[in-house]
Amino acid sequence: MQEYVARIISGIGVTDVVDVLIVAFVIYKILGFIRETRAEQLVKGLLILAVAAYFSGSFHLYTLNWIMRGAMTLGVIALVVVFQPELRRGLEYMGRSKIVKVPFGYLDKDKAKVLTAKFIKAVDSFSTSKTGALIILERQTTLNDIVETGTVINSEVSTEILQNVFYEGAPLHDGAVIIRGDKVFAAGCVLPLTRNNTLDKDLGTRHRAGIGITENSDAIAVIVSEESGIISIAEDGKLTRFLDIRAVEKTLLDVYLGNNGAEKIPFLKRLFGRDKDASK
């Protein structure tokens, strides 16, 4: 027995250990990700079917085993359907040629501060006056299909333009503003609503649209509630609420300056970083 174990140990190399550790780490992260999604119950159901299939085969219950295996196949297909948005984003990032592209293009520190200050001033005024606003910061995923639903402006970012767009009597105030680089590229845009049914029922269409666009792209949504003036940020399908101006400023500066490379890609963010918990 000792010789058998010694042969097994002697046959294990450094690459084998690294291989096992990487696979274990990835599986651990995937399981952690599943635990935070609506597919958790589906995965539990698949595990129960797998156990039932194993025992039915062991006890030669052939009919039950055949049914369990068929149900597992359907469950795997259902799992793929449930995870469709996540799989779509993952494949999109893997296949993107300009994977190291800096968000918004290159911006030096001074220009990023000036641009952020304009945003902060506008967002602060929206929050104080309880003016509803939905600002989408485009990053690597181009939102041309969303732009087509609105009106192209292609203007320099300024506090006054943002205030005019979201003024209650303005024609474009109900839609979203798309920020591309240092430009207010389009306004009055229609966004896809989130399919997340676990969100707080108090969240309206503006918040659900902000979350929805971040589920289908790597964009960041800055949302101001017209009922309460609460400032929220949606990123990677997660909503963080009750933010103050300092928190919004820090987020925008991090995005414009690209301070965290892993956070540019949600898959890497999930794999190597810590996800932000959704607040309700």
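Trainee: Let's start with one residue: is Glu 226 buried, partly exposed or exposed?

Mentor: Keep in mind that this is a predicted model. Buried means under 20% relative accessible area and exposed means over 50%. Glu 226 has a relative accessible area of 43%, so the label for Glu 226 is partly exposed.

Trainee: Which residue forms a salt bridge with Glu 226?

Mentor: Glu 226 lies in the loop between β5 and β6, and its partner lies in helix α9, so the pair ties together parts that are 20 residues apart in sequence. That partner is buried, with a relative accessible area of 19%. The closest N and O atoms are 3.9 Å apart, and the partner is Arg 206.

Trainee: How many salt bridges does a search of the whole structure find?

Mentor: Glu 226 with Arg 206 is one of them, and Asp 254 with Lys 250 is another. The side chains of Glu 235 and Arg 139 also meet in a salt bridge. Over the whole structure, the search finds 6.

Trainee: Take Glu 235 and Arg 139: how many residues apart are they?

Mentor: Their side chains meet with an N to O distance of 3.1 Å. Glu 235 sits in strand β6, while Arg 139 is in the loop between β1 and α7. This pair links distant parts of the chain, and the separation is 96 residues.

Trainee: Is Arg 139 buried or exposed?

Mentor: Its partner Glu 235 has a relative accessible area of 7%, so Glu 235 is buried. The cut-off for that label is under 20%. Arg 139 comes in at 8% relative accessibility, so Arg 139 counts as buried.

Trainee: And Asp 254 with Lys 250, which helix do they both lie in?

Mentor: The closest N and O atoms of this pair are 3.0 Å apart. Lys 250 is exposed at 54% relative accessible area, and Asp 254 is partly exposed at 24%. The two residues are 4 apart, about one turn of the helix, and that helix is α10.

Trainee: Let's move to the strands. Why is strand β3 described as largely enclosed by the rest of the structure?

Mentor: Strand β3 covers residues 176-180. A residue counts as buried at under 20% relative accessible area. Strand β3 is largely enclosed because, of its 5 residues, the number that are buried is 4.

Trainee: Which strand pairs with β3 in the antiparallel sense?

Mentor: One neighbour, β1, runs parallel to β3 and is joined to it by 3 bridges; there, Ile 135 stands opposite Val 177. The antiparallel pairing goes over 4 bridges, with Ile 178 opposite Ala 186. That antiparallel partner is β4.

Trainee: In the hairpin of β3 and β4, which residue takes a positive phi?

Mentor: This hairpin has 2 residues between the strands. The phi in question is near 65°, and the residue that takes it is Gly 181.

Trainee: On to the inside: which element gives the largest share of the largest nonpolar core?

Mentor: The core has 28 residues, and those touching the most other members include Phe 119, Ile 135 and Val 177. Among the elements that give two or more residues to this core are α6, β1, β3 and α10. The largest share is 7 residues, and it comes from α6.

Trainee: How many residues are in the second, separate core?

Mentor: In soluble globular proteins, nonpolar side chains tend to be buried together. The second core includes Ile 136, Ile 178, Ala 186 and Ala 209. Its total is 21 residues.

Trainee: Now the outside: which helix supplies the largest share of the nonpolar patch?

Mentor: The patch covers about 650 Å² of surface, and its residues include Tyr 4, Ile 9 and Leu 21. Two helices, α1 and α2, each supply at least two of its residues. The largest share is 4 residues, from α1.

Trainee: Is Ile 9 buried or exposed?

Mentor: Ile 9 is found in helix α1 and belongs to that nonpolar patch. Its relative accessible area is 55%, so Ile 9 is exposed.

Trainee: Last one: what percentage of the residues of the protein chain count as buried?

Mentor: The protein chain has 11 helices and 7 strands, and it exposes about 16,300 Å². Of its 280 residues, the buried part is 41%.

Methods. Residues are numbered from 1 along each chain as its sequence is written. This is a predicted model: local features need pLDDT of at least 70, side-chain atom pairs count only at pLDDT 80 or more; totals for chains, interfaces and linings use all residues. Side-chain values use heavy atoms; hydrogens and water are left out. Patches are made of residues with over 30% relative accessible area and no salt bridge: like charges are joined within 9 Å, nonpolar side chains (Val, Leu, Ile, Met, Phe, Trp, Tyr) within 5 Å. Accessible areas come from the Shrake-Rupley method with a 1.4 Å probe; for residues, only the protein chains shown count as cover. A salt bridge is a side-chain nitrogen of Lys or Arg within 4 Å of a carboxyl oxygen of Asp or Glu. Buried means under 20% relative accessible area, exposed over 50%, partly exposed in between (1.4 Å probe, protein chains only). Two strands pair if DSSP finds at least two bridges between them. A nonpolar core is a set of buried Ala, Val, Leu, Ile, Met, Phe, Trp, Tyr and Cys residues joined through side-chain atoms within 4.5 Å.
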